[in-house]
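Let's take a friendly walk through a protein model, with its cysteines, strands and pockets as our stops. Keep the 3D view open while you read.

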Amino acid sequence: MACSAIKTAVIGYGFSAQTFHIPFITSLKEFELTAISTSKQKQLQEDWPLIQHFDSAEALITSSDAELVIITAPNDVHFQLAKAALENGKHVIIEKPFVTKVEDGEVLIALAKEKGLMLSIYHNRRWDGDFLTVKKMIDEKRFGELRHFESHFDRFRPVVRERWKEQAADGGGILFDLGSHLLDQSITLFGLPDAITADCRVTRKGSNNVDYFHLLLHYSSHLVVLHGDMISAGENKRFTIKGTGGCYEKLGIDPQEQYLVSGIKPVNEDWSAELPSQYGHFYDEKNCSPVSTVKGCYQEYYHQVAKAIRQGATCPVKAEDALLNIKLIELALESSRLGKKIQLRDAV
């Protein structure tokens, strides 16, 4: 017998909700969008007249019929909203980053276990096409003995914007925003490092939080370099991976976000495909050859969420795993402040 659609509510109606969540909730048969909370009531009435509207997250949590609540509010309220949703018997997805303090994440994990509810964090870039390609190449031992793994998420925004992600004192800045993506991907591939060395800076006039980071994750056999800044005008140098068997270089950013913004719906497996001109290249001693990019699939996250809720399967991004990400962010900030390498055996 087919399972009923999961009644789903979304807190917030900004870029994240409209781009990364609602298109999947409304395109996949496993879900039914039933409620949204936002201060943008006029826009919400125009866009979604037939669902429940709430002008506060608290009202949605206590009064909607949703089984699953997706939190896309600013980072500094993730903890309080997720705690309220869990206490009201809702499964929860939190837009990354999980929380802004490790101890808050520990409270939520314990509460979700006590209530028997799913708690997952939306680290969607585990399903980027370029990352899936890199993972496949590593699994196939394409690099031989891996020595250097470098991953960038750079932008060109030399002028500070009036947005909470750039202004918030708690959980603002690109280390939480972009760095959390890169850290999650690295932990997914390699687990926790032995040590971390970080340089986290405020570089733009008028900026009040980190807008430049350069992280070194030290592993026994290789080095991981994670970098992000807001002053890179050229094409993003997404991956540079080197080993005894060759080197892979990939420019640009996975196109799924761009496609979603342009209105493309994730209704088939081909919606996210890259053009051949966007492929990365593998270099060995004699040759340079393009590497076809695996099709990205953010929809896979939601397919797995549905199985976790309806069938008791493992959720696609465990809160425990996402908490490791927050621990590394805290250690990166500490390493930068102290100007030294931090051994994880002493800190985690």
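## Cysteines, strands and pockets

This is a predicted model, and the structure holds zero disulfides. Take Cys-288 to begin with: this residue is in no disulfide, and the nearest cysteine sulfur, that of Cys-247, is 9.8 Å away. A disulfide is a covalent bond between the sulfur atoms of two cysteines.

Why is Cys-297 without a bond to Cys-315? Its closest cysteine sulfur is indeed the one in Cys-315, but that atom is 17 Å away, which is too far for a bond. For a pair to count as a disulfide, the two sulfur atoms must be within 2.5 Å.

Are these cysteines buried or exposed? Cys-288 counts as partly exposed because its relative accessibility is 45%. Cys-297 has 17% relative accessibility, so it counts as buried. The cut-off for buried is under 20%.

### A trio of strands

Now find strand β13, residues 280–283. In a regular strand the side chains alternate between the two faces of the sheet. Along β13, Gly-280 and Phe-282 point to one face and are buried, while His-281 and Tyr-283 point to the other face and are not buried.

What does β13 pair with? Strand β12, residues 246–250, pairs with β13 in the antiparallel sense over three bridges. Here we meet Cys-247 again: its bridge partner in β13 is Tyr-283. Strand β14, residues 288–291, also runs antiparallel to β13, and four bridges join the two. In this pairing, His-281 stands opposite Pro-290 of β14. The link between β13 and β14 is a hairpin of four residues.

### Two pockets

Rolling a probe the size of a water molecule over the atoms shows where empty space is left. Here are two pockets of this model, with their volumes and linings.

| Pocket | Volume | Residues nearest the centre | Lining by class |
|---|---|---|---|
| Largest | about 650 Å³ | Phe-15, Ser-16, Arg-163, Trp-164 and Lys-165 | ten nonpolar, eight polar, eleven charged residues |
| Second largest | about 330 Å³ | Phe-153, Asp-154, Arg-155, Asn-236 and Ile-253 | four nonpolar, five polar, seven charged residues |

How many residues line each pocket? The largest pocket is lined by 29 residues, and the second largest by 16. Which helices should you look for around the largest pocket? α1 (15–25), α7 (164–167) and α8 (174–190) each supply at least two residues of its lining.

Conventions
Residues are numbered from 1 along each chain as its sequence is written. This is a predicted model: local features need pLDDT of at least 70, side-chain atom pairs count only at pLDDT 80 or more; totals for chains, interfaces and linings use all residues. Side-chain values use heavy atoms; hydrogens and water are left out. On a 1 Å grid over the protein atoms alone, a cavity is a set of points where a 1.4 Å probe fits but cannot get out, and a pocket is an open set with protein on both sides within 12 Å along at least five of seven lines; lining residues have an atom within 4 Å of a point. Grid points are joined across faces, edges and corners, and a volume is the space filled by probe spheres set on the points. Ala, Val, Leu, Ile, Met, Phe, Trp, Tyr, Cys and Pro count as nonpolar, Asp, Glu, Lys and Arg as charged, and the others, Gly among them, as polar. Buried means under 20% relative accessible area, exposed over 50%, partly exposed in between (1.4 Å probe, protein chains only). Two strands pair if DSSP finds at least two bridges between them.
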